[in-house]
Amino acid sequence: TPKPSSAASDVYKRQVQERTREIEQKAGALEQALQQQLLIQERLQESEEELRAILQNANDAFIAMDQEGVIVDWNEQAEHLLGWTRNEAVGQSLVELVVPPAMRDGYTKDFQHFLETGQSNIINRRVEITALRRDGVEFPIELAVACVERRNGYLFIAFLHDITERKLLQASLMGMALKDPLTDLPNRRALIQKLPESIARAARLGKPLAVLFLDLDGFKGVNDGYGHEAGDELLRTICLLYTSPSPRDRQK
């Protein structure tokens, strides 16, 4: 067999060396890409763990669900607020677990309308609605819902905050604004607010409406002769007489 010439041997060696360097470069690039990918995965994992820690320790209840309405996440505050543990809640229907029965049809229609049109009265808004606790008690909450589009559909993220105390305070302030502090009877503001409603209702029903005015003769003399405390007590007594049920009404 004839031996290859020296020139041909040199060409072959150079080709092998170039091919080796090319393989080494690709191997180095692949290793660098893998290291970069691992670094990205580690950072994503760290970010996910940080986010989960934030959500688990959030002051508001956090609930995530898929576009089928199935709960996929549920933080510790949601457990305290709604009474279901995370293991019990995940995989269950949000409607069946959290939405009061009287509101379920409306919620389902609104949810379906969003999936079809992208429009909703609740999603991507902050609203005040009623929620259902595990023990069957309904209570007011402030709800903020966001929607995240994914490859396989939507992810809905909700934050719930109990506003029972706020509602009680609002009702108390409203009651104070519409009642006389001395007699606890509706005041002038209440009359101005209720009178148009009563007139409209009477007109709608075709029934007469009566307004009674009561004046106290000689009341100034009570204040002047016995003092304002006596006058206040007289007002309370008269109001009690005219607003308390009669014996006949109590028997009924």
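**Exercise 1. The residue after α5**

Which residue just after α5 takes a positive phi, and what is its value?

Solution. The model is a predicted one. Just after α5 comes Gly-118, whose phi is positive, at about 80°.

**Exercise 2. Length and faces of α5**

Compare the expected span of α5 with its end C-alpha atoms, then assign its buried and exposed residues.

Solution.
Step 1. α5 has 14 residues, and at 1.5 Å a residue it should span 20 Å. The expected span is 1.5 Å times one less than the number of residues. The end C-alpha atoms of α5 are 20 Å apart, so the two values agree.
Step 2. Buried means under 20% relative accessible area. In α5 this class holds Arg-104, Tyr-107, Asp-110, Phe-111 and Phe-114.
Step 3. Viewed down the axis of α5, these buried residues fall within an arc of 130°, so they line one face of the helix.
Step 4. Asp-105, Lys-109 and Glu-116 are exposed on the other side of α5.
Step 5. As packing partners, the buried residues of α5 have β1, α4, β3, β4 and β5.

**Exercise 3. The loop before α5**

Place Met-103 in the fold, give its exposure and list its contacts beyond four places in sequence.

Solution.
Step 1. The loop between α4 and α5 contains Met-103.
Step 2. Its relative accessible area is 33%, so Met-103 is partly exposed; the class lies between the limits of 20% and 50%.
Step 3. With neighbours within four places in sequence left aside, Met-103 is in contact with Ile-129 and Thr-130.
Step 4. Met-103 and Ala-131 are 28 residues apart along the chain, and their C-alpha atoms are separated by 9.4 Å.

**Exercise 4. The second largest pocket**

Describe the volume, lining and residue classes of the second largest pocket.

Solution.
Step 1. The volume of the second largest pocket is about 260 Å³.
Step 2. Its lining consists of 22 residues, and nearest the centre lie Leu-94, Val-99, Tyr-107, Ile-129 and Leu-143.
Step 3. Two or more lining residues come from each of β1 (61-66), α4 (94-98), α5 (104-117), β3 (126-132), β4 (138-150) and β5 (153-162). The largest share, four residues, is that of β5.
Step 4. By class, the lining of this pocket has 20 nonpolar residues, one polar and one charged.
Step 5. Two residues met above recur here: Tyr-107 is buried in α5, and Ile-129 is in contact with Met-103.

**Exercise 5. The largest pocket**

Give the volume of the largest pocket, and state which elements and residue classes make up its lining.

Solution.
Step 1. The largest pocket holds about 980 Å³ of space.
Step 2. It is lined by 24 residues; those nearest its centre are Leu-185, Pro-186, Asn-187, Leu-212 and Leu-214.
Step 3. The elements giving two or more residues to this lining are α7 (188-205) and α9 (228-243). α7 gives the most, with six residues.
Step 4. The lining of the largest pocket divides into 16 nonpolar, four polar and four charged residues.

**Exercise 6. The faces of α9**

Repeat the helix analysis for α9.

Solution.
Step 1. The 16 residues of α9 should span 22 Å at 1.5 Å a residue, and its end C-alpha atoms are 22 Å apart, which agrees.
Step 2. Gly-231, Ile-238 and Cys-239 are the buried residues of α9.
Step 3. These residues cover an arc of only 100° around the axis, so they are on the same side of α9.
Step 4. Glu-229, Leu-240 and Leu-241 are exposed on the other side of α9.
Step 5. α8 (219-226) is the element against which the buried residues of α9 pack.

Notes: Residues numbered from 1 in each chain as written. Predicted model: local features only at pLDDT ≥ 70, side-chain atom pairs only at ≥ 80, totals over all residues. Heavy atoms only, no water. 1 Å grid on protein atoms, 1.4 Å probe; cavity = no way out; pocket = protein on both sides within 12 Å on 5 of 7 lines; lining within 4 Å. Points joined across faces, edges and corners; volume = space filled by probe spheres on them. Nonpolar A, V, L, I, M, F, W, Y, C, P; charged D, E, K, R; others polar. Buried < 20%, exposed > 50% of the residue type's maximum accessible area, 1.4 Å probe, protein only. Arc of directions from axis to C-beta. Contact = heavy atoms within 4.5 Å.
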